[in-house]
Amino acid sequence: MNASKVAYKPVGMVMGALGGILAGAIFKQAWKRLAHEDDAPDATDESRSWREVLAAAVVQGAIFAGVKAAVDRGGATAVRRLTGAWPG
């Protein structure tokens, strides 16, 4: 295992945790604006329609995937700047 991969492990773990927190906050704000509600529906909430539950899941998944990609790419770029090698 090369130095850039070793250096990326702790960076990736910390950035992943922070990215999850960030993605959750972004989703909460996005859902408030899209649905004009404070909380997104839970999949087991009997009073919510399939459409509401699936829409919330799609929006949440897209936001989490986008944030994860941005965080992973940023972490890899930071490791390359520090070590001179891409950690992939």
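**Exercise 1. Work out whether W31 is buried or exposed in this predicted model.**

Start with the number: W31 has a relative accessible area of 7%. Buried means under 20%, so W31 counts as buried. Now do F27: its relative accessible area is 7%, and that puts F27 in the buried class too.

**Exercise 2. Find the aromatic pair in the model and say what kind of pair it is.**

Step one, count: there is one aromatic pair. Step two, name the partners: they are F27 and W31, with ring centres 6.2 Å apart. Step three, look at the planes, which sit at 35° to each other. Under 30 degrees would be stacked and over 60 edge-to-face, so this pair is tilted.

Step four, place the two rings: F27 and W31 both belong to helix α1 (residues 3-35), four residues apart, or about one turn of the helix. An α-helix has 3.6 residues a turn, so residues three or four places apart point the same way.

**Exercise 3. Check whether the length of helix α2 agrees or disagrees with its residue count.**

Helix α2 covers residues 50-83, which is 34 residues. At 1.5 Å a residue, the expected span is 50 Å. Now take the end C-alpha atoms: they are 49 Å apart, so the two values agree.

While you're on α2, pick out its buried residues: V53, A56, I63, V67, V71, G75, A76, T77 and V79. Just after the helix comes G84, with a positive phi near 85°.

**Exercise 4. Say what stands out about the phi of H36, and where this residue lies.**

First, the angle: H36 has phi near 55°, which is positive even though the residue isn't glycine. Most residues other than glycine have a negative phi. Next, the location: H36 is in the loop between α1 and α2. Last, the surface: H36 has 70% relative accessibility, so it counts as exposed.

**Exercise 5. Compare the chain with a compact globule of 88 residues.**

Begin with the parts list: two helices and zero strands. A compact globule of this many residues would have a radius of gyration near 12 Å, but the chain comes out at 17 Å. Then check the box: along the principal axes, the C-alpha atoms fill roughly 55 × 20 × 15 Å.

Now burial: 20% of the 88 residues are buried. The accessible surface is about 6,300 Å², and 62% of that belongs to carbon and sulfur atoms. Finish with contacts: among those between residues at least 6 apart in sequence, 57% join residues at least 24 apart.

Technical notes: Residues numbered from 1 in each chain as written. Predicted model: local features only at pLDDT ≥ 70, side-chain atom pairs only at ≥ 80, totals over all residues. Heavy atoms only, no water. Phe/Tyr/Trp six-rings, centres within 6.5 Å; stacked < 30°, edge-to-face > 60°. Buried < 20%, exposed > 50% of the residue type's maximum accessible area, 1.4 Å probe, protein only. Expected span 1.5 Å × (residues − 1). Rg over C-alpha atoms; globule rule 2.2 N^0.38 Å. Contact = heavy atoms within 4.5 Å. Areas by Shrake-Rupley, 256 points an atom, 1.4 Å probe, with all protein chains shown as cover.
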